[in-house]
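Here is a short tour of one model, written for someone who likes to have the structure open while reading. Shall we begin with a pair of helices and work outward?

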Amino acid sequence: MNVLILNSAQGKYPVAVDPWVVKTTEAVSVLASDGHTIIAGTQPIMWDFCAWRAAVEDARTCFLMFSDQYETASPDFGAVFDEYGFTPERTECIAVPGIGDRPVKEAWPLRDRYAIEMADVVFPVSIRRNGKLYELLQQLPQKRICRDFMIDWEVSRHVPVYDFEGLDVNPLPSGEWVIHWTRASQGPWPDEPWREFFTDFFARPKQYVRTAVDTLTRIVADRVILGTSAHMPGSVRAVSCSSLSPDEAIGLMRWRKRYVRYSFEPFGIAIRKTAFEKLGGREVVYCGKEMAPEDADPLFFQSPGEIGDWEKEHEWRLKGDLRLDDLDRDDLFVIVPGDKEYDFLKDVCHDIGIHRLFGGE
């Protein structure tokens, strides 16, 4: 029997003790042990979690994919199996019909409806009243809905709230610097499979496991700042930095409701500007297309934008990744808010200096 475990949108920074996680874990375990085929998928995180738990339980799984993902992964789907830890012989990958090249948030409701239609029984867990899934379920015959694992819907938030009011910022060491500021990752890091994220997620059940300090710790431990294609012209992977001083940058560290995250957080890597330039880093010039040179690289010549004033960040970029071992030790250091974070990172940093933004100097 095909079964579908459903959750409405949850917080973007979940922890393993969140009620929806606990109940979804129970549902997958029970239904897998009963021999049912679990319908799973990807995005948002509730779907990825169900897929991973199905893999952990070695359940028969029908994994729904969006068109572009399916075309990229077929015909062997090896990367998909590795992403979640699926057993290939017990996993069937299916492309959701009718999606085409729709934006992902338009594709989600179509995937949800398709999954509900193909399920013999739907097991709602945490459903927001009067939300889209709630309305879809109202259209189903009651015999196709089992509420054995259902709980009230609630959204939890496990991210820090910063208050810099009245704090004096410690000046940086002498010289000109660019800073790669980081922030919490919503789910796995860009090169990390879901199975690794969720394994860590269960190992530290009461805390969110991809905070800004986790991200910074990983950068230092791996000795690399990975480039990202997000919001980059032509989806070119690049490392982004700011030449703003910390006291100027703090004014831009604000909660972005649209993206459900901070623009960036008070954790970063400072790099001497001349060293960054030697590696190929350049300042971004914000101007209209008509003002850019004919042979301009779009990565470094960009429109200032219509909604946000991107020019305020004084951005510098470097194509690809930035390996810390390509820099002299005098040309970089780690930035943390204060003593607590300093103590957490000092054993990881080894020969890389640490600068506290507040106190401790």
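## Two helices side by side

Helices α8 and α11 are roughly parallel to each other, a label given to angles under 35 degrees (over 145 is roughly antiparallel, 65 to 115 roughly perpendicular, and the rest oblique). Their axes cross at roughly 15 degrees and come within 9 Å, with α8 covering residues 212-222 and α11 covering residues 339-349. Axes here are lines fitted to C-alpha atoms, for helices over the stretch in contact, and the angles run from 0 to 180 degrees between N-to-C directions. Helices (H or I, at least four residues) and strands (E, at least two) are DSSP runs, numbered from the N terminus.

The crossing of α8 past α11 is right-handed, meaning that the near helix is turned clockwise from the far one by less than a right angle (anticlockwise would be left-handed). On the α8 side, Val213, Leu216, Thr217, Val220 and Ala221 make the contact, and α11 brings Phe344, Leu345, Val348 and Cys349; contact means heavy atoms within 4.5 Å. Eight of these residues are nonpolar, one is polar and none is charged. In this scheme Ala, Val, Leu, Ile, Met, Phe, Trp, Tyr, Cys and Pro are nonpolar, Asp, Glu, Lys and Arg are charged, and the others, Gly among them, are polar.

## About the model

This is a predicted model, in which local features need pLDDT of at least 70 and side-chain atom pairs count only at pLDDT 80 or more, while totals for chains, interfaces and linings use all residues. Residues are numbered from 1 along each chain as its sequence is written, and side-chain values use heavy atoms, leaving out hydrogens and water.

## The two sides of α11

Which residues of α11 are buried? They are Glu341, Leu345 and Cys349, where buried means under 20% relative accessible area, exposed over 50%, and partly exposed in between (1.4 Å probe, protein chains only). These residues lie on the same side of α11, because they cover an arc of only 55 degrees around the axis; the arc is that of the directions from the helix axis to the C-beta atoms. They pack against α8, β17 (332-336) and β18 (353-356). Lys340 and Asp347 are exposed on the other side of α11.

Just after α11 comes histidine 350, in the loop between α11 and β18. Its phi is positive, near 55 degrees, and histidine 350 counts as exposed at 65% relative accessibility.

## An unusual spot before α2

Most residues other than glycine have a negative phi, and most peptide bonds are trans. Look, then, at glutamine 43, in the loop between β2 and α2: its phi is near 65 degrees, and a cis peptide bond with omega of about -10 degrees joins it to proline 44. Glutamine 43 is partly exposed, at 27% relative accessible area.

A cis peptide bond also joins serine 74 and proline 75, with omega about 10 degrees. Proline 75 sits in the loop between α3 (67-73) and α4 (78-84).

## α2 against α7

Helix α2 packs on α7 (residues 194-203) at an angle of about 85 degrees, with the axes 10 Å apart. That makes the two helices roughly perpendicular. The α2 residues Ile45, Asp48, Phe49, Trp52 and Arg53 meet Trp194, Arg195, Phe197, Phe198, Thr199, Phe201 and Phe202 in α7. This contact has eight nonpolar residues, one polar and three charged.
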